[in-house]
Structure formats: C-alpha cells, structure tokens
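Work through the exercises below with the sequence and the structure side by side. Each opens with a task and is followed by a solution in steps.

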Amino acid sequence: MIRLPFTYRDVIRNSIKVCWQVDDLLPPDFELDLSRPQLPESIARAMVLDFLNEREQLALNHIRSHAYMNIFIFVEEYVIAQTLHHAEAELFGDHDALRALLRFSEEEIKHQAMFNRYCAAFRAAFQGPCEVLGSAAQVANVILGHPPMGVMLTTLHLEIVTQQHYVDSIRDHGSNPLFTRLLKHHWLEEAQHTKIDMLELAKMAEYAEPEVVQTAFHDYLTIIASLDGLLRQQVEMDLTSIQAFCGRAFTDSQVERYVVLQHDSYRRDFIRLSITHPQFLNFCDELWPEGARLVTNQLTTYQAA
Amino acid sequence: MRDALGPAGLKLINVLGREEADRLSRRILRELGLMALLTPDDRYRFGEHLIKESAPVLRVLGRCIMAQAIIHGAKTPPSQ
C-alpha cells in the first residue's frame, strides 16, 4: 500500500485556500497587450531562431502562447470526463474523496473558461491567422479508450508540468506579468490536482491486479506518444502562422531548423519536464519500479538528437 | 459482511444501513454464487446485479459500484 503525506481532506482545505475566479485574473472585457512576450522564452524558444528578426520572434512567442493555452483547453476536456467518472465511483462512499474530485472537475472547467477567454482576446489582438489543434473531443475519446489507470498517470504527468512552467515565468523577467499570473494561478490549483491523482492512483494500485498496474504504464506511454504526435501537428500549424505573419516562405533549411527546434521545445514543455520530474518518477517507482525505469528510458525518445 | 464486500460494503451500509445491507448483499452473493467480492471483476458483477433491483437508489448504487470496479481494473464486457 502506497502511503502519501496528504489526504483528500487536506486537498480540499488547500483548494479552498488557493481558489480564484476567472474575472479576477481576466476581466470579461480585457485586452491583450502584444507589445511584449507572453510566454517565458524557456517555454517558447523563439529567440534561438536567428533567421527571424526581433518583431517576428515576438510574434512567434505570441503564437506559442495561444497554442499553449489551447493545449490545456484540449487536455482538460478528457480530464473533466475522467474526474467525473472517478467522482461517480465515490458516490455513497468516501465523501471527502467525492468532494475533492468534484472540486477538481469544477476547477478544470474554470481553467478551460479562463484559457478560452485568453484565446478570444488573443484572436482579437493578433494580426493574421493562428491555427491550433481543434479536435479536443476526438482526442478525449482516444485517451478515455484506455483503461483508467493509464489515463490517470497521463493526467498526473500533464499536471506536474504546470509547476515548472510557472517557475520558468518567474525566472524570466521579460515575460508578461499577466501571463505569469495566469501560470501561477493555474499551477496553484493543479498542484492540488496532482495530489488527488496520486491518491486515486494509490487506491487503484491497492485494489488492482499487478498486471493492471503494468498495463497502465504501457497505456500511459502510448498516450504520451500520441501527445507527441499532436505537438508535432501544432509545430506545423505554428510554422504556417509565423510564415503568414512574416509574409514570406522560409527556405527548406530554415523550415527544417524551425521544426527540429520547435518540436524539441514542445517536447521539453509537455513531455520531458514530467518524465524527469523527481516527484513523478518517485511516485512511478512506488507504483511499479520497472515502470519508473520504462518512463526514464523514454527520455532518449523525446530528447533532441 | 462488510469485509467480504471490499469498498462496495461501505456504500451499501451508507445507503441501506447495516442490517439491510447485510441482508441484500447475502442474497446477491448467493445468486451470483460468490462467498465474497474478492476482485474488481466480482464487484463489477455485483453492481451489475444490483442495477436490476427495482428501487432507483439501488440502481444508482449499482452503477457507482460498477464505476469503481472499472477504475480498480475490472475487465468489462466489450459492450460496456
């Protein structure tokens, strides 16, 4: 049995303490200031593309910020369905778990509302097309087609990255204070969600047959590989957007360089930050030590050559 | 009896009270040919049986027990 230093009741207490409202962060009529970067450079990696001038690098930062928000809207779609399923399982049983899971679902819906509001303001302020991944329900369908434990491991993975994204924004003094505030408030609640993920996974591991835990790791790695495919699609979309903004087609070698560097940047932001995160790896080790090794071995797959 | 039902036992007692939960679970276990709910698959079958009961609350309870069993690794038929 995995012992964790927190309970559902602790999570509820913290969740009430850190709770925020969308209107407090982004008033309904807010306008986005695109005169400065939105994302920290460690996330966007726009400045390494030296064939872009300063104005174009700034636009790429903005394109990435829009895609960043959309990716979270995207993944939160399946997370909401998943947490409601877990909440249903606790009905008539553990009321602390039920309440924690319902708060979790509500907070994810709120995050989607916040990100949607940001994206709407972005589209109003940005000059030109800016395409993003658009089949959230389809992707949710594919993820939820896997057994629950692998899905929950994926959720833990995705929530852990938000912590590093916030840390990145504090270290980068050039990034927009508004965006830093969004990353902070997102992380504050996601930090509670990671605890719920771990409590749920610990419970699942307690009741499940060992082969279910082992299958979960393989399912998780399959889902992460699909996520990588989506990130690659987003890189292509960003490339189209930035070329439209620049008003020119990049040369073949510039396109090649763009795709390699930007795909690596997305992989760092959404895959590597978790599979190298000590909290994630330690927890995986508790679930199944061989599983933790499988996760660590993935690093070479998602590392730039 | 609660121990024989795993996490489904707490739900039954919370909804029906100890005595009625005991009576109902003994009957369903007998009908399923089980002594106890030892695995998530057993709990899934128990929940499936419960949703055939006439009382609406038992049908909801059955659904919750099935949902929990799936989360704990029950192998569901392809139609589920």
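**Exercise 1. The lining of the largest pocket**

Sort the lining of the largest pocket by residue class, and then find which elements contribute to it.

Solution. Begin with the classes: in this predicted model, the lining of the largest pocket has 10 nonpolar, 5 polar and 6 charged residues. Next take the space itself, which amounts to about 510 Å³. Of the 21 residues that line the largest pocket, M1(A), Y8(A), D94(A), K203(A) and E206(A) are the closest to its centre. Two elements give two or more residues to this lining, namely helix 8 (177-207) of chain A and helix 2 (7-16) of chain B. Helix 8 of chain A has the largest share, with 5 residues.

**Exercise 2. Helix 2 of chain B and what follows**

List the buried residues of helix 2 of chain B, and then follow the chain onward to G17(B) and R18(B).

Solution. A residue counts as buried under 20% relative accessible area, and in helix 2 of chain B the buried residues are P7(B), A8(B), G9(B), K11(B), L12(B) and I13(B). Just after this helix comes G17(B), which takes a positive phi of about 85 degrees. R18(B) then lies in helix 3 (residues 18-32) of chain B. With a relative accessible area of 57%, R18(B) is exposed, because the cut-off for exposed is over 50%. As a last step, compare sequence and space: R18(B) and A55(B) are 37 residues apart in sequence, and their C-alpha atoms are 18 Å apart.

**Exercise 3. The enclosed spaces**

Find how many cavities of 30 Å³ or more the whole structure holds, and describe the lining of each.

Solution. A search of the whole structure finds 2 such cavities.

- The largest cavity has a volume of about 60 Å³. Its lining consists of F72(A), V75(A), E76(A), V79(A), E108(A), T155(A), L158(A), E159(A) and E190(A), which divide into 4 nonpolar, 1 polar and 4 charged residues. Helix 4 (54-90) and helix 7 of chain A each supply at least two of these residues, and helix 4 of chain A gives the most, with 4.
- The second largest cavity holds about 40 Å³ of space. Around it stand V11(A), I12(A), S15(A), A100(A), R103(A), F104(A), E107(A), Q192(A), H193(A) and I196(A). Helix 1 (8-18), helix 5 (95-125) and helix 8 of chain A are the elements that give two or more residues to this lining. Helix 5 of chain A gives the most, with 4 residues, and by class the lining of the second largest cavity has 5 nonpolar, 3 polar and 2 charged residues.

**Exercise 4. Helix 7 of chain A**

Compare the span of helix 7 of chain A with the expected value, and decide whether this helix is largely enclosed or open.

Solution. Helix 7 of chain A covers residues 148-171, which makes 24 residues. From its first C-alpha to its last it reaches 36 Å, close to the 34 Å expected at 1.5 Å a residue. For the second part, count the buried residues: 19 of the 24 residues of helix 7 of chain A are buried, so the helix is largely enclosed by the rest of the structure.

**Exercise 5. The surroundings of S105(A)**

Is S105(A) buried or exposed, and which side chain does its own side chain meet in a polar contact?

Solution. First place the residue: S105(A) is found in helix 5 of chain A. Its relative accessible area is 3%, so S105(A) is buried. Leaving aside residues up to four places away in sequence, S105(A) touches I80(A), T83(A) and L84(A). With T83(A) the contact is also a polar one, side chain to side chain, at 2.9 Å.

**Exercise 6. Positive phi outside glycine**

Locate R45(A) and F92(A), and give the phi and the accessibility of each.

Solution. R45(A) is found in the loop between helix 3 (41-44) and helix 4 of chain A, and its phi is near 50 degrees, a positive value in a residue other than glycine. At 37% relative accessibility, R45(A) counts as partly exposed. F92(A) has its place in the loop between helix 4 and helix 5 of chain A. Although F92(A) is not a glycine, it has a positive phi of about 70 degrees, and at 21% relative accessibility it counts as partly exposed.

Key:
Residues numbered from 1 in each chain as written. Chains lettered and ligands numbered in written order. Predicted model: local features only at pLDDT ≥ 70, side-chain atom pairs only at ≥ 80, totals over all residues. Heavy atoms only, no water. 1 Å grid on protein atoms, 1.4 Å probe; cavity = no way out; pocket = protein on both sides within 12 Å on 5 of 7 lines; lining within 4 Å. Points joined across faces, edges and corners; volume = space filled by probe spheres on them. Nonpolar A, V, L, I, M, F, W, Y, C, P; charged D, E, K, R; others polar. Expected span 1.5 Å × (residues − 1). Buried < 20%, exposed > 50% of the residue type's maximum accessible area, 1.4 Å probe, protein only. Polar contact = N/O pair within 3.5 Å; in protein donor to acceptor, adjacent residues only side chain to side chain. Contact = heavy atoms within 4.5 Å.
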